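Grab a coffee and work through these exercises on side-chain contacts. Each task comes with a solution you can follow step by step.

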Amino acid sequence: MPKPHRNAAAVAEETLTPPDNLSKTQSIARLKQAAGNNLYHVELPSGKSFLAELHQKFRSTIWLKRGMYVLVDAAALAERDNKLGGEIVNVVGDEKAWKKMAYWPAEFSKKRVVYGDESEDEGPQMPPSDDEEN
């Protein structure tokens with residue numbers, strides 16, 4: 001049975017407002033790649049990459065894509081003995097509001113990078129017409 005719409009709206013509302021401060025184990029990270037089964041490769045501002053699990057309340061409610069920013073808690077999954085480096089406890093919904101906070105990393109304030117899109121693609125091109133000569 002699907003989640004009630006009011007729960008989905010409440011979760012989406014939670015992503016819009018940033019917390020006042022972060023704990024020592026929490027940090028802002030950028031999504032690099034989806035690994036499947038609610039697992040994501042994330043990158044910290046320092047450049048360190050690790051695997052993080054999406055918190056239960058966001059599953060089937062919020063969809064994440066490459067280049068998005070998330071709040072990761074490294075201590076949330078410390079009791080597990082696996083490859084996970086942390087848990088995604090919040091998703092940055094309103095980037096402008098989050099970037100105004102004092103804890104926002106300076107490395108992420110620069111131009112937004114979308115992974116896998118380094119080429120200068122001009123979009124679809126029409127084939128040359130018969131009137132044009134190259």
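**Exercise 1. Find how many aromatic pairs the structure holds, and classify the pair Tyr69 and Phe108.**

Solution. A search of the whole structure, which is a predicted model, turns up 3 aromatic pairs. Now for the pair itself. The ring centres of Tyr69 and Phe108 sit 5.1 Å apart, inside the 6.5 Å cut-off for pairing. Their planes make an angle of 45°. Stacked needs under 30 degrees and edge-to-face needs over 60, so this pair counts as tilted.

**Exercise 2. Work out which parts of the chain the pair Tyr69 and Phe108 ties together, and whether the two residues are buried or exposed.**

Solution. Start with the addresses: Tyr69 belongs to strand S4 (residues 69–73), while Phe108 is in the segment after helix H2 (95–99). The pair therefore ties together parts that are 39 residues apart in sequence. As for accessibility, Tyr69 and Phe108 are both buried. One more step: follow the ring pairs, and Tyr69, Trp104 and Phe108 come out linked as a cluster.

**Exercise 3. Count the salt bridges, then trace what the one between Glu14 and Lys57 connects.**

Solution. The count is 3 salt bridges. In the bridge between the side chains of Glu14 and Lys57, the N to O distance is 2.7 Å. Glu14 comes from helix H1 (residues 5–16), and Lys57 from the loop between strand S3 (49–54) and S4, so parts 43 residues apart in sequence get tied together. Check the accessibility too: Glu14 is partly exposed at a relative accessible area of 32%, and Lys57 is partly exposed at 29%.

**Exercise 4. Decide whether Glu53 and Arg59 are buried or exposed.**

Solution. First, the contact: Glu53 and Arg59 form a salt bridge, with 2.9 Å between the closest N and O atoms. Next, the relative accessible areas, which are 12% for Glu53 and 18% for Arg59. Buried means under 20%, so Glu53 qualifies, and so does Arg59.

**Exercise 5. Say where the salt bridge between Glu95 and Lys99 lies.**

Solution. The side chains of Glu95 and Lys99 meet at 3.4 Å, N to O, within the 4 Å cut-off for a salt bridge. Both residues are in helix H2, with a spacing of 4 residues, or about one turn of the helix. To finish, Lys99 has a relative accessible area of 33%, which makes it partly exposed.

Methods. Residues are numbered from 1 along each chain as its sequence is written. This is a predicted model: local features need pLDDT of at least 70, side-chain atom pairs count only at pLDDT 80 or more; totals for chains, interfaces and linings use all residues. Side-chain values use heavy atoms; hydrogens and water are left out. Rings of Phe, Tyr and Trp (its six-membered ring) pair if their centres lie within 6.5 Å; planes under 30 degrees apart count as stacked, over 60 as edge-to-face and the rest as tilted. Helices (H or I, at least four residues) and strands (E, at least two) are DSSP runs, numbered from the N terminus. Buried means under 20% relative accessible area, exposed over 50%, partly exposed in between (1.4 Å probe, protein chains only).
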